[in-house]
Amino acid sequence: MNKTIRRASVFCLLLVLALMVRVTWVQAYQGQALADDKNNRRNLIGQYENPLGNIIVGGESITGSTKTGGKDFGYKRTYVDGPLYAPITGHSSQAFGTTMLEGVYKNVLNGSDTRLKTVMDMLTNKRADPGNVLTTIDKGVQKAAYDALNGKQGAAVAIDPATGQILAVVNNPSYDPGRITGANDQAAWDELSADKGKAMENVALRKPQAPGSTFKLVTLAAAIENGLVTSIDTPTGVQGAYTIPGTRTPLPSEAGNEACNNVSARTALKLSCNNVFAELASKLGQDKMRAMAEKLGFNKQIDTPVRTNPSSKYPTNKMSVDQVAQTGIGQFDVQATPLQMAMVTAAIENGGKLVAPHMVSEVTDADGNVLEDFKDPKTEQVMSPKTASMLQDAMRTVATEGGGKPAQVAGAEVGGKTGTAQRGVNNNIPPLAWFTSYAKAGGKQIAVAVMIENSDTDRSEIGGGKLAAPIAQKMMAAWLKK
């Protein structure tokens with residue numbers, strides 16, 4: 001054979017071998033990675049080739065699917081009462097991805113989760129029938145909060161303290177996720193993304209802000225646990241005319257210095273006396289305050305299973321004594337979400353036991369077989385039963401004699417705590433109005449936190465008892481009166 005031809009033949013053979021090696025490598029080793037690549041449009045088309053599984057509230061689907069009539073996507077997601085449930089469902093969009101439960105359980109809902117596949121599905125590589133996500137949300141409590149928040153900018157969360165089940169997650173403003181489910185909804189997306197995406201912001205779970213005086217529950221819990229307060233009816237000895245430790249700055253209380261002079265912890269909570277709680281925090285010190293806060297969920301990532309990253313903050317950097325004192329009244333760098341403050345109150349109502357909050361009860365396949373359940377959530381004893389009992393006692397006084405009166409539910413035991421958190425330089429932004437409470441009757445119990453960011457109320461009238469407590473009342477009544 002001609003030498004040149006032989007060389008060309010060998011070269012061609014090597015090229016064929018190289019091609020075979022490459023094809024084998026791609027098929028055997030890179031195939032799955034390429035199939036799973038986020039830029040592989042076939043995956044996105046496959047997700048919407050068939051109807052999606054559903055998210056369920058109270059036995060009823062709050063999601064659905066409809067035919068698109070398009071070439072690429074066979075179906076798109078639909079929502080029932082979209083704005084009502086948006087903080088829970090999130091959105092499933094062909095153009096803008098998935099969020100909240102739609103994102104957490106995307107593979108279950110589109111049928112690509114391997115747990116859904118039958119033997120035949122695996123043999124034929126067919127996409128399995130989609131599964132469903134059953135939530136713990138109570139329709140009545142959710143609707144009560146949504147309607148009560150109408151006209152106000154804010155959020156609310158409700159939890160069953162005994163089980164950790166989240167009964168409601170509500171934001172206002174909200175949005176209709178059904179407006180952005182298609183492939184050509186850019187105009188709607190731009191509208192919802194305006195003003196830094198405020199309409200789609202999950203304030204209830206993911207926007208920590210100053211909790212104001214509702215944090216005094218954490219301060220009092222720390223004081224009791226560490227022996228600084230042994231009776232809620234013993235005078236604390238803290239003077240009404242109070243100067244923040246380490247400064248020359250007076251710290252007034254809304255009730256007035258005279259009313260807060262040498263009062264008991266019960267009266268201090270009822271009147272929300274800043275002097276008492278600032279002094280307790282300064283005496284406890286940063287480490288003991290932070291330890292109590294972290295037991296209750298601050299500085300932690302909380303998965304509901306929607307991730308909060310973390311939902312709330314107690315400062316970990318070294319603070320001066322005046323800064324520690326300010327944290328005792330829920331100011332300085334303390335931040336919390338409505339979820340976090342509902343957790344604090346839930347632990348108090350539940351005898352000091354904090355049950356991990358969750359909004360999903362079961363994840364099932366198309367035939368109802370359970371893939372995941374949350375029947376045994378993590379439970380921690382975060383404070384002694386005695387401490388919890390003392391806090392409940394003081395909170396009942398707030399609800400019967402103090403600013404929490406609007407939260408009373410006929411025939412139920414109710415305890416609460418108001419909060420008004422100052423914001424901005426020289427308080428130039430309207431304050432946050434907070435209220436957190438618990439109620440129990442007939443073997444049922446509920447813990448609620450409500451936060452109002454803005455309303456049409458005059459600035460001088462903004463307060464947790466006036467704005468937020470009536471919303472909490474409606475939520476608690478909806479649960480207890482079922």
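In the predicted model, I232 is placed in the loop that connects α10 with α11 (265-271). The relative accessible area of I232 is 5%, and this residue is therefore classed as buried, the cut-off being under 20%. Leaving aside residues up to four places away in sequence, I232 touches S264, A265 and R266, together with M390, D393 and A394. The separation between I232 and S320, by contrast, amounts to 28 Å from C-alpha to C-alpha, with their positions 88 residues apart in sequence.

Helix α10, which precedes the loop of I232, spans residues 216-225 and packs against helix α13, residues 286-295, with the two axes 9 Å apart and at an angle of about 115°. Because of this angle, α10 is roughly perpendicular to α13, and the crossing of the two helices is right-handed. On the side of α10 the contact is made by V218, T219, A221, A222 and E225, which meet K288, M289, M292 and A293 of α13. Sorted by class, the residues of this contact comprise six nonpolar, one polar and two charged.

A second helix pair is formed by α7 (residues 139-148) and α17 (residues 464-480), whose axes come within 8 Å and cross at roughly 160°. The two helices are therefore roughly antiparallel to each other, and their crossing is right-handed. In α7, the residues G140, V141, A144, A145 and A148 take part, and they meet I471, K474, M475, A478 and W479 in α17. This contact of α7 with α17 divides into eight nonpolar residues, one polar residue and one charged residue.

Turning to the strands, an open sheet is built from five of them in the order β9-β8-β16-β15-β14, with antiparallel pairing. The edges are occupied by β9 (166-172) and β14 (413-423), each of which has a single partner strand, so that one side of each is left without a neighbour in the sheet. From one strand to the next the twist averages 10°. Within the sheet, strand β8 (residues 153-159) and strand β16 (residues 444-454) run antiparallel and are joined by seven bridges, and in one of the pairings Q153 has N454 of β16 as its bridge partner. Helix α16 (residues 385-401) packs on the sheet, where it touches β14 and β15 (429-441), and the direction of α16 makes about 75° with that of β14. Among the residues that I232 touches are M390, D393 and A394, whose numbers fall within the range of α16, residues 385-401.

Several backbone features stand out against the general background, since most residues other than glycine have a negative phi and most peptide bonds are trans. The peptide bond from N172 to P173 is cis, with omega near 10°, and P173 is located in the loop between β9 and α8 (186-197). A cis peptide bond also leads from T304 to P305, where omega is near 15°, and P305 belongs to the loop between α13 and α14 (321-327).

The loop between α13 and α14 also holds N299, a residue other than glycine whose phi is positive, near 65°. With a relative accessibility of 26%, N299 counts as partly exposed. A positive phi, of about 55°, is likewise found at F332, which is not a glycine and has its place in the loop between α14 and α15 (338-349). The relative accessible area of F332 is 30%, which means that this residue is partly exposed.

At the level of the protein as a whole, the model contains 17 helices and 16 strands. Taken along the principal axes, the box filled by the C-alpha atoms is roughly 110 × 55 × 40 Å. Of the 482 residues, 50% count as buried, and I232 is one of the buried residues. Among contacts with a separation of 6 or more, 68% are accounted for by residues 24 or more positions apart.

Note on methods: Residues are numbered from 1 along each chain as its sequence is written. This is a predicted model: local features need pLDDT of at least 70, side-chain atom pairs count only at pLDDT 80 or more; totals for chains, interfaces and linings use all residues. Side-chain values use heavy atoms; hydrogens and water are left out. Axes are lines fitted to C-alpha atoms, for helices over the stretch in contact, and angles run from 0 to 180 degrees between N-to-C directions. Helices (H or I, at least four residues) and strands (E, at least two) are DSSP runs, numbered from the N terminus. Angles under 35 degrees count as roughly parallel, over 145 as roughly antiparallel, 65 to 115 as roughly perpendicular and the rest as oblique. A crossing is left-handed if the near helix is turned anticlockwise from the far one by less than a right angle, and right-handed if clockwise. Contact means heavy atoms within 4.5 Å. Ala, Val, Leu, Ile, Met, Phe, Trp, Tyr, Cys and Pro count as nonpolar, Asp, Glu, Lys and Arg as charged, and the others, Gly among them, as polar. Two strands pair if DSSP finds at least two bridges between them. Buried means under 20% relative accessible area, exposed over 50%, partly exposed in between (1.4 Å probe, protein chains only).
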